[in-house]
Amino acid sequence: MSLENLLASARSWIADDPDAATRAELEAVVARAEGGDDVAAADLADRFAAFLEFGTAGLRGALGAGPNRMNRVVVLRAAAGLTRYLQDSLARRDVTVVIGFDARHNSDVFAADTAAVVTAAGGRALVLPRPLPTPVLAFAIRHLGADAGVMVTASHNPPQDNGYKVYLGDGSQIVPPSDVEIAAAIDTFPTAASVARAEDGWETLTDELAADYVAACGASVGAPAAEPLIVHTALHGVGSATLLEAFEAAGYARPRPVASQEQPDPEFPTVAFPPNPEEPGAIDAALDLARETSPDLVIASDPDADRCAVAVPDPKAATDADPQGWRMLRGDEVGALLGHRALGLITTGAATGADGGPGVVANSIVSSRLLGAMARAAGVPHEETLTGFKWIARVRDIAYGYEEALGYCTAPAVARDKDGISAALAVAELAAGLKADGRTLVDLLDDLAREHGVHASDSFSIRVSDLALMPALMGRLREQPATQIGNVVVAAFHDLAKGDGGLPPTDGLRYLLADGTRVIVRPSGTEPKVKVYLEAIVHVDGDDLAGARTQAAERLAATRAAMEALTAL
């Protein structure tokens, strides 16, 4: 688009924008671009390159003016499209939408705008009383009998981002074709001016809703067999108060919070990177407190508290600087631990499936194959799904589901989505039972490896500055499929876009190597990167667990090096 056309588009946007702050922001960019500032012109081109895509569970992007940013215009149009989609698909005007929001910049504003749009269209809007975790919103949808839910959050994205996550009445995130149909409905509202907004008329819920969620979480676990000592960090998100209340409701001692990160803060001041517990260094403050206080484990919530990270003391990882050997468990390790808990509940009849059946366990295609091996040994049905909880949560009769990116559904009757609060309680319950027997989570991981083999996983990402590089990389890997990876023959190659492997089509590639190693390559649905997932399986010979782990680590390292070369841009 020429600069002249960009300036014209920007002026039209300014005239339509109801937000004085983003109007002023864009006016300043326009003035600099008109004055010959190339950086401002490039900024303008990016803001108007496209409309922020309504895709994986909704919208997510940087805050700012323009169609390629998160702002009130984009949110008003999204709310109008969602409401029209609901009214058309349900054939009635009086649809009910429950709306939650976190503590990020403008989350409360976007929530209020959504309520105003739903109300003006003849629907009923129910707004959560304050910034609360995403699982509270997921719980509220079914608890209140709503037709849909909206959560304004960017989860663990950087401070400058926000997002708009959409759920339907079953309490799970949208999947095709609903996302495409909602996007088409959004297109029927080309401007903010085309969207009607009510001045009032929506309902702000009371804290009773949050209390109901806390009570449901507390009831999802048994009484502690011993009292686990826990340090918790909320990473400046909205999870601290709800998590502490849930522990108290379950009869557990409240975890000790990391005071510097306990209160919500949209700037995430003590985290110098995206506030994601998966990132190296993200939970350093919690580990420092753990080294001072010697708890049994550390739990970290991501900013909207739908994910749960766990760190444990491991004597095998001890050093002079860290004599307790604190290490963060991988998502697949926590997934296996919680899977062990779930399988025990299912096989003893203490847990059933969410739809009334005997119970199924599930994980995403990029997660470890260990849960499947455990389920087969226990005689419990297991399913593998596409990546994301929008697929995992839809498994019929799910009793437990997880994905390697720290997402766990341990109580689908509470929230049919990943839930970092109930997952934290489930981890605490498991740790308490082991502590009563003089054992730890690390001991249980060793037992699982001995029984089912060492399942060692790793991953890396190829970040791109130009989004066009992502399909180009995937195309190159498809056109020139590797026959060997790390000197190991590729025994099977699945192009997941064709539905190979029995799953619905998705953009991804799966390699199964002759030694049992698995590689999956897929573009991220929320970030500008292509992700590569690796897993090696080595069965334990006798009691040589250390030898099996060394062999698995060597296989992973060789496979990773080969895949880094294959995916180099």
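Select α11 and α14 (420-436) in this predicted model: each of these helices supplies at least two residues of the lining of the second largest cavity. α11 gives the most, with three residues. To see the whole lining, show Val310, Leu329, Val334, Leu337, Leu338, Val427, Leu430 and Leu441. Colour them by class and eight come up nonpolar, with no polar and no charged residues. The space they line is about 30 Å³.

Next, the largest cavity. A search of the whole structure finds two cavities of 30 Å³ or more, and the largest has a volume of about 50 Å³. Select Asp102, Ala103 and Arg104, then His236, Gly237 and Val238, and finally Asp265, Pro266, Phe268 and Pro303; these residues line the largest cavity. Here the classes are mixed: five nonpolar, two polar and three charged.

Now return to α11 (331-347), which also supplies at least two residues to the lining of the second largest pocket. That pocket has a volume of about 560 Å³. To centre the view, pick Arg327, Glu333, Val454, His455 and Arg549, the closest to the pocket centre of the 25 residues that line it.

Then add the other elements that each give at least two lining residues: β11 (326-328), α15 (441-452), β16 (454-463) and α17 (545-566). Which of the elements provides the largest share of this pocket's lining? α15 does, with five residues. Colouring the pocket lining by class gives 13 nonpolar, four polar and eight charged residues.

Key:
Residues are numbered from 1 along each chain as its sequence is written. This is a predicted model: local features need pLDDT of at least 70, side-chain atom pairs count only at pLDDT 80 or more; totals for chains, interfaces and linings use all residues. Side-chain values use heavy atoms; hydrogens and water are left out. On a 1 Å grid over the protein atoms alone, a cavity is a set of points where a 1.4 Å probe fits but cannot get out, and a pocket is an open set with protein on both sides within 12 Å along at least five of seven lines; lining residues have an atom within 4 Å of a point. Grid points are joined across faces, edges and corners, and a volume is the space filled by probe spheres set on the points. Helices (H or I, at least four residues) and strands (E, at least two) are DSSP runs, numbered from the N terminus. Ala, Val, Leu, Ile, Met, Phe, Trp, Tyr, Cys and Pro count as nonpolar, Asp, Glu, Lys and Arg as charged, and the others, Gly among them, as polar.
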